[in-house]
Amino acid sequence: MPKGPTHGRLAIEFSPPAWLVKLWGSELGWDTTRELLAANQNAAPTCLRVPLDQNRESVIESLLEQNIAARAGEFSSRAIRLDGPLGAVRADPNFANLIPQSEASLLVAELMAAKSGEAIADLCAAPGGKTELLREGVGPGGLVVATDKAPSGLLRLQGRGLSPLARCDAAHPPFPAESFDAVLVDAPCSGLGTLRGHPEIRWRREPRDLAKLARKQGDILNGGASLVRSGGRMVYATCTFVREENEAVVQRFLAEHPEFCLEPANEILEAGMHAGVTRNGFLETSPLGGGLDGFFAARLRR
Ligand SMILES: C[S@@+](CC[C@H](N)C(=O)[O-])C[C@H]1O[C@@H](n2cnc3c(N)ncnc32)[C@H](O)[C@@H]1O
């Protein structure tokens, strides 16, 4: 075997498709690619969202009293990490209000920083984890319209009691221009940041998907932008590591929309919670940085 990591060696060691190893190798460097491939062999930690009106430390204490190993999430003040499976929590009706949601997903919602009374469009909303957080943020005097293209997605949103709902292609949202304070575009993506939970994705994706997805993401971002009022904001998010779907989509959007600018994520996320998850103004989470899923998000101000 040649000395030092190469895509051939890594492909043998971890069995991902060769194109993905080459892509990550060129974007992240071979050492990081190797660490990432190794980290993706492990299961993601189970993460729970603490209800807004409950104290996280008290909830952790209650879990520990029931011999459920739990600790505070490192990055989101709403997150609890379990050291074991979810089963014991689900079996206890006292913990029915703890919602499973990844810590990276919580951070994306925190980057939106929804405020009381705001009107927000959540354009790719299903199954609705972030919609719930946005609704908490805007409160009873605010509005969160959740849309999705998939009928099955709409049913899932409905099942969680979320409304109002609209079925639409987010590239052409059926709302008046500049009618929202904030828009969330949690875009359809290759999902390559969630390989610990969905290992099969690596085999389902093909290299040609990436350009196709990037075009779709750009179209949806343009659709979302049309809804943002002057002075309002939009968050673009994915759960993937691929530059073509992340920075490249945002850079192209900013070049075509001089009325928008990037707001650095570290200025928005709670102090102390953003260390290690922001770079170049973006939110970038990874199994290598505190064991999070690989999410990307950019906050854009009009
Ligand atoms: C990453 S998921 C969203 C996750 C969700 N925001 C959450 O936190 O639970 C992407 C969603 O986009 C939807 N979608 C895909 N293409 C779309 C389009 N052109 N317009 C609107 N929704 C779309 C998918 O059905 C899927 O539900």
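**Ligand shell, second pocket and unusual backbone**

Me: Which residues come nearest to the ligand in this predicted model?
Reply: The model is predicted, and a residue counts as near the ligand if one of its heavy atoms lies within 4 Å of it. There are 19 residues around the ligand. Those that come nearest are Lys130, Asp148, Asp169, Ala170 and Asp186.

Me: How many residues of the shell around the ligand are nonpolar, polar and charged?
Reply: Two helices each give two or more residues to the shell, α7 (129-138) and α10 (207-225). By class, the shell around the ligand divides into 11 nonpolar, 2 polar and 6 charged residues.

Me: Which residue has a side-chain N or O atom 2.7 Å from a nitrogen atom of the ligand?
Reply: A polar contact here is a pair of N or O atoms within 3.5 Å. Cys124 places a polar backbone atom 3.0 Å from a ligand nitrogen, and Lys149 has a backbone N or O atom 3.2 Å from a nitrogen of the ligand. Those two contacts use backbone atoms. The side-chain atom at 2.7 Å from a ligand nitrogen belongs to Asp186.

Me: What share of the ligand's area does the protein bury?
Reply: Polar contacts to ligand nitrogen atoms include the one from the side chain of Asp186. Taken alone, the ligand exposes 600 Å². Of that area, the protein buries 83%.

Me: Which residues are closest to the centre of the second largest pocket?
Reply: The second largest pocket has a volume of about 350 Å³. Its lining is made of 18 residues. Closest to the centre are Leu28, Phe241, Arg279, Glu284 and Ser286.

Me: From which domains does the lining of the second largest pocket draw at least three residues each?
Reply: By class, this lining has 6 nonpolar, 7 polar and 5 charged residues. At least three residues come from each of two domains, namely domain 1 (7-39) and domain 3 (103-301).

Me: Where is the proline that follows Ser163 in a cis peptide bond?
Reply: Most peptide bonds are trans. The bond from Ala126 to Pro127 is cis, with omega near 5°, and Pro127 sits in the loop between β5 (119-122) and α7. The bond from Ser163 to Pro164 is also cis, with omega near 0°. Pro164 lies in the loop between α8 (151-159) and β7 (165-167).

Me: What is the phi of Ser15?
Reply: Most residues other than glycine have a negative phi. Ser15, in the loop between α1 (7-14) and α2, is not a glycine, yet its phi is positive. The value is about 55°.

How values were computed. Residues are numbered from 1 along each chain as its sequence is written. This is a predicted model: local features need pLDDT of at least 70, side-chain atom pairs count only at pLDDT 80 or more; totals for chains, interfaces and linings use all residues. Side-chain values use heavy atoms; hydrogens and water are left out. On a 1 Å grid over the protein atoms alone, a cavity is a set of points where a 1.4 Å probe fits but cannot get out, and a pocket is an open set with protein on both sides within 12 Å along at least five of seven lines; lining residues have an atom within 4 Å of a point. Grid points are joined across faces, edges and corners, and a volume is the space filled by probe spheres set on the points. Ala, Val, Leu, Ile, Met, Phe, Trp, Tyr, Cys and Pro count as nonpolar, Asp, Glu, Lys and Arg as charged, and the others, Gly among them, as polar. Domain bounds come from an automatic or database domain assignment. A polar contact is a pair of N or O atoms within 3.5 Å; within protein, one must be able to donate a hydrogen and the other to accept it, and residues adjacent in sequence count only if both atoms are side-chain atoms. Accessible areas come from the Shrake-Rupley method with a 1.4 Å probe; for residues, only the protein chains shown count as cover. Helices (H or I, at least four residues) and strands (E, at least two) are DSSP runs, numbered from the N terminus.
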